[in-house]
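The following note is offered for your consideration alongside the model. Its points are numbered for ease of reply.

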Amino acid sequence: MNVPKDHAGDRWAGIAFVVSALASLVLTIVYVFGGQPQLEGALLGVALGGLAVGVALVAKHMLPEGGEVQERGPLFVDEEDRREVLSAFGRGRPVARRRFLARAFGGAIAALGLATVFPIRSLGERPGRLLFHTMWRTGSRMVTENGDLVRATDLTVGGVLTVFPQGHERAADSQTLLLRLPLDVQAPGPPDVTDDGLCAFSKICTHAGCPVGLYQASTQELFCPCHQSIFDVRAGAEPTAGPATRPLPQLPLEVDAEGYVVAKDDYPEPVGPGFWNRGRD
Ligand code: FES
């Protein structure tokens, strides 16, 4: 087919839109079948580049050619100027294959839109209510990270132990500090403490989630080494210094008939950083 030279730009613009659309579709297919970051980046570049080239070519060939000089004059538009402007635009060459170009452009935009919707899947599964619960359940026995059951007598006064629910020794959100307080602990004391002085708090700092790793028995304070938050155990692990603003959640516990320390329930509130500082519905 013999294409006039003037219309070659329209044809190339259409080709650019088609290439862009194809690149977007291939990008979608590559993503759906497992993805390959370098290839996806290259295809996205072709898709956007094709659109840019197509739009640039259409603009270049639609605009009137040649320079236009307008003398600065009085700030009013007379009829003669208006006619001159209109006739200048009239000198622009009409676009050939207007329908083809419009469809190619629309196809390129639609395909790119499709390709950009799929990566939403990469955000992962919805967490649902998972983040509001840990693996602690009513009657969960406490074990060390090695899976050894914890008896009430295993801790001396002033001692601290990191414990997990039995069978879930790798559950990071369930890591808990079991403390043994002196029986003459000053008022008000933590709200849930056994007759033996045992109480337990989440080990996950409510500021940014670091493990609260240090316990000073003489002042009954827990320290988070990340940003130096301090939690007063006697006041229910209320933060008294540092950036944390929420107390460490306390795990309700008791000692069963065989002397093992067990949880009475899950934590009554979400553990971890303050984003979860809200109820469970
Ligand atoms: S994470 Fe504990 S103070 Fe920041």
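Among contacts between residues at least 6 apart in sequence, what percentage join residues at least 24 apart?

1. The answer is 58%, a contact being a pair of residues whose C-beta atoms, placed from the backbone, lie within 7 Å. This is a predicted model, in which local features need pLDDT of at least 70, side-chain atom pairs count only at pLDDT 80 or more, and totals for chains, interfaces and linings use all residues. Residues are numbered from 1 along each chain as its sequence is written.

2. The protein has 4 helices and 11 strands; these are DSSP runs numbered from the N terminus, helices being H or I of at least four residues and strands E of at least two.

3. An open antiparallel sheet is formed by 4 strands in the order 5-6-7-8, where strands pair if DSSP finds at least two bridges between them. Strand 5 (214–216) and strand 8 (238–241) each have a single partner strand, so one side of each is left without a neighbour in the sheet. Strand 5 and strand 6 (residues 221–224) are joined by 3 bridges in the antiparallel sense, and glutamine 216 is opposite glutamate 221 in strand 6.

4. The largest nonpolar core (buried Ala, Val, Leu, Ile, Met, Phe, Trp, Tyr and Cys residues joined through C-beta atoms within 7 Å; buried means 20 or more other C-beta atoms within 10 Å of the residue's own, placed from the backbone) has 31 residues. Leu178, Leu222 and Val261 have the most contacts inside this core. Strand 4 gives the most to this core, with 4 residues.

5. Apart from this core lies another, of 17 residues, including Leu51 and Phe105.

Key. Contact = placed C-beta atoms within 7 Å. Buried ≥ 20, exposed ≤ 12 C-beta atoms within 10 Å, placed from the backbone.
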